[in-house]
Amino acid sequence: MNHPFLSSTLRELQLFTRSWRFWTTFTLVILIFVVSGPYGTLERMTLGIRFGYWLTVHAVTWAIAISLSITAEILLRNRLGHTLARMMIGSLVAALPIGFALGAIDFAFFGRWAEMETGFHRALFALPLCALFCLLTYTAMHRQIAEISAPAPPAPPPAAVPAAWPVSEPEILARLKPQNRGAILRLSVEDHYTDVVTTRSHELVLLRFADALKELGPTPGLQVHRSHWVADAHVETLKRDGGKLVLIMKDGAEIPVSRTYADAVRARFGGLSR
């Protein structure tokens with residue numbers, strides 16, 4: 001799929017569907033509604049039906065709100081600089097279809113079809129809930145959204161590109177945007193993504209860490225933690241901090257060393273200790 005808008009939309013949808021933070025928030029909200037039984041559902045419904053009702057309500061309304069939030073976030077990038085503002089516009093627009101969707105859900109559960117006027121009233125009622133949904137989502141996932149929606153940095157002039165590249169380029173570089181490809185400094189786990197840091201920039205790649213390590217090819221380096229791999233050439237020093245080993249990279253980043261890999265790290269970088 002080469003269409004930029006559709007590709008961006010699918011990437012951001014994957015960000016939501018693969019995020020444990022999103023699903024944890026979704027589950028907690030449903031449980032709160034099931035237990036508290038607002039809008040008379042506690043008195044009118046048994047626990048099982050009440051769970052089914054609120055699960056349906058939130059699944060439908062969140063799907064509509066997320067779809068329109070992502071659409072607005074992508075379409076308005078060149079007009080509004082703040083991600084929250086773009087998402088909020090999409091969420092508020094979602095109130096109208098959500099209002100009518102709630103009427104259809106009530107008809108399915110109670111046998112009453114909402115009239116047009118009732119649908120608009122529901123939409124007005126949904127406005128503050130959509131705004132709250134947007135704030136919750138942005139609070140839980142703003143860092144991941146910012147990473148995936150950030151514009152690509154300009155490519156540096158040719159003189160800035162390091163000459164020392166491996167003879168065979170690592171496979172994982174093909175997953176990066178061309179302007180981000182360079183000598184690999186380190187890999188780190190970010191939820192379901194792997195953060196690939198190069199001499200040019202860094203980029204989140206939707207790839208398991210174990211698979212990312214396999215794609216490093218001949219790049220000399222060492223896994224120092226279950227969530228971190230470092231390239232040998234870019235390690236500055238090895239230090240002990242409160243009983244724990246920490247690698248200092250040449251760009252100033254501090255990478256923790258776990259006990260599992262401590263012996264291998266001492267053997268590889270012990271001469272850089274301070």
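# Exercises on a predicted fold

Helix 9 (residues 259–269) lies across strand 6 and strand 7, and its direction makes an angle of about 130° with strand 6. Helices (H or I, at least four residues) and strands (E, at least two) are DSSP runs, numbered from the N terminus. Axes are lines fitted to C-alpha atoms, for helices over the stretch in contact, and angles run from 0 to 180 degrees between N-to-C directions. Contact means heavy atoms within 4.5 Å.

The model is predicted: local features need pLDDT of at least 70, side-chain atom pairs count only at pLDDT 80 or more, and totals for chains, interfaces and linings use all residues. Residues are numbered from 1 along each chain as its sequence is written, and side-chain values use heavy atoms, with hydrogens and water left out.

## Exercise 1: The whole protein

Task: State how many helices and strands the protein has, and what share of its residues is buried.

Solution:
- Step 1. Count the elements: the protein has 9 helices and 8 strands.
- Step 2. Fix the term: buried means under 20% relative accessible area, exposed over 50%, partly exposed in between (1.4 Å probe, protein chains only).
- Step 3. Apply it: of the 274 residues, 41% are buried.
- Step 4. Turn to contacts between residues at least 6 apart in sequence: 55% of them join residues at least 24 apart.

## Exercise 2: The sheet under helix 9

Task: Work out the strand order of the sheet that holds strands 6, 7 and 8, and name its edges.

Solution:
- Step 1. Define pairing: two strands pair if DSSP finds at least two bridges between them.
- Step 2. Read the order: 3 strands make an open sheet, 6-7-8, with antiparallel pairing.
- Step 3. Find the edges: strand 6 (235–241) and strand 8 (254–256) each pair on one side only.
- Step 4. Add the twist, which averages 30° from one strand to the next.
- Step 5. Look inside: strand 6 and strand 7 (residues 244–249) are joined by 6 bridges. Leucine 238 has leucine 247 as its bridge partner in strand 7.

## Exercise 3: Strand 2 and its neighbours

Task: Which strands pair with strand 2, and is strand 2 enclosed or open?

Solution:
- Step 1. Take strand 1 (184–190) and strand 2 (193–198). They pair in the antiparallel sense over 6 bridges. Arginine 186 has valine 197 as its partner.
- Step 2. Go on to strand 3 (residues 202–205), which pairs antiparallel with strand 2 over 4 bridges. Here valine 197 stands opposite histidine 202.
- Step 3. Check the turns. Strands 1 and 2 form a hairpin with 2 residues between them. Strands 2 and 3 form a hairpin with 3 residues between them.
- Step 4. Judge burial: 6 of the 6 residues of strand 2 are buried, so strand 2 is largely enclosed by the rest of the structure.
- Step 5. Split the faces: Tyr193, Asp195 and Val197 are buried on one side, and Thr194, Val196 and Thr198 on the other.

## Exercise 4: Three loop residues

Task: Place tyrosine 39, aspartate 191 and serine 227, and say whether each is buried, partly exposed or exposed.

Solution:
- Step 1. Recall a rule: most residues other than glycine have a negative phi.
- Step 2. Tyrosine 39 has a positive phi near 60°. It sits in the loop between helix 2 and helix 3. Tyrosine 39 counts as exposed because its relative accessibility is 52%.
- Step 3. Aspartate 191 also has a positive phi, of about 55°. Its loop joins strand 1 and strand 2. Aspartate 191 is partly exposed because its relative accessible area is 30%.
- Step 4. Serine 227 lies in the loop between strand 4 (221–225) and strand 5 (228–231). Serine 227 counts as buried because its relative accessibility is 18%. Neighbours within four places in sequence aside, serine 227 is in contact with Leu187, Ser188, Val189 and Phe209.

## Exercise 5: Two packed helices

Task: Describe how helix 5 packs on helix 6.

Solution:
- Step 1. Helix 5 (residues 83–93) meets helix 6 at an angle of about 35°, with the axes 5 Å apart.
- Step 2. The contact uses Ser91, Leu92 and Val93 of helix 5 and Ala95, Leu96 and Pro97 of helix 6.
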